[in-house]
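Trainee: Before I use these labels in my own work, I would like to go through them one at a time and ask what each of them rests on.
Mentor: Then let us take the structure and set each value against its cut-off.

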Amino acid sequence: MNPKIIDINQKHFIGSFRYNKSKPEDFGLKKVDGTDHFIDKNGILWKNEILWDLGWGNEYGFVRMPEPNFEQLWILLTESNIENNLLGSAELLTLYPNELKEKLQTLFNRNEKLNRKLTKRLSHLELLNHVTNHSEVGGKRPEQVDADYREWKKLKEDFERLKTESLIQRIKKTVANNV
């Protein structure tokens, strides 16, 4: 699979919502003997993965094989209209903290307002909602860990500054301007 090409119109993640599914059979999957993979009725391989948390805890789910790389996950997050792709890619992007930090820094350093669609998509990245150091900390001096934390904090602040205003905020401004 080309490292940057991925079909955004196919499901690359399947998962439960509010724990409504808990077994591979609930997803129409069968175990492939001698592996840790599962197969669907179309012959597509899936790997079991703990996925998104929408407030109920991490959901039970699967990732299509081969597992998307960083660039493919970014494309799914920013372009796919399939909710499972959006949620799954947001979750797995945290496995690439250095690449994600660099991608977000590049995006935010342009100092352009983010359109509403991109704002909504990026809002699924947990790290833009809560300041957490997603960088590796093992083997680093405390000063470097603190510097990493400050970079993640700045990314969250930049996101807040650049995201397009919500509809409610725009209505309030319009009403205030018309009074």
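Trainee: What makes the charged end of Lys-31 count as sitting over the ring of Phe-38?
Mentor: In this predicted model, the charged end of Lys-31 is 5.2 Å from the centre of the Phe-38 ring, and because the distance criterion asks for NZ of Lys within 6 Å of the ring centre, that part of the rule is met; the label also requires a position within 35 degrees of the ring normal.

Trainee: Why is Phe-38 called buried?
Mentor: Its relative accessible area is 9%, and since buried means under 20%, Phe-38 qualifies. The residue lies in strand 3, and its contacts, leaving aside residues up to four places away in sequence, include Pro-24, Leu-29, Ile-44, Trp-46 and Phe-62.

Trainee: Why is the pair of Phe-38 and Phe-62 described as edge-to-face?
Mentor: A pair of aromatic rings is described by the distance of the centres and the angle of the planes. For Phe-38 and Phe-62 the centres are 5.2 Å apart and the planes stand at 75°; the cut-offs are 6.5 Å for pairing and over 60 degrees for edge-to-face, so both conditions are satisfied. The pair links distant parts of the chain, with Phe-38 in strand 3 and Phe-62 in strand 5 (residues 58–64), 24 residues apart.

Trainee: Which other residue forms an edge-to-face pair with Phe-62, and why is Phe-62 counted as buried?
Mentor: Tyr-60 does, at 5.4 Å centre to centre and with 80° between the planes. As for burial, Phe-62 has 0% relative accessibility, which falls under the 20% limit, so the label follows. Phe-27, Phe-38, Tyr-60 and Phe-62 form one aromatic cluster.

Trainee: How do you know that strand 2 and strand 3 are paired?
Mentor: They share 2 bridges in the antiparallel sense, and because pairing needs at least two bridges, the requirement is fulfilled; one of the partnerships joins Lys-30 to Ile-39 in strand 3. The open sheet has 5 strands in the order 1-5-4-3-2, and its edge strands are strand 1 (13–15) and strand 2 (30–31), each of which pairs on one side only.

Trainee: Turning to helix 3, which of its residues are buried, and what puts them on the same side?
Mentor: Pro-97, Leu-100, Lys-101, Leu-104, Leu-107 and Phe-108 are buried, and they cover an arc of only 135° around the axis, which puts them on the same side of helix 3. On the other side, Glu-102, Thr-106 and Asn-109 are exposed.

Methods
Residues are numbered from 1 along each chain as its sequence is written. This is a predicted model: local features need pLDDT of at least 70, side-chain atom pairs count only at pLDDT 80 or more; totals for chains, interfaces and linings use all residues. Side-chain values use heavy atoms; hydrogens and water are left out. Buried means under 20% relative accessible area, exposed over 50%, partly exposed in between (1.4 Å probe, protein chains only). Helices (H or I, at least four residues) and strands (E, at least two) are DSSP runs, numbered from the N terminus. The arc is that of the directions from the helix axis to the C-beta atoms. Contact means heavy atoms within 4.5 Å. Rings of Phe, Tyr and Trp (its six-membered ring) pair if their centres lie within 6.5 Å; planes under 30 degrees apart count as stacked, over 60 as edge-to-face and the rest as tilted.
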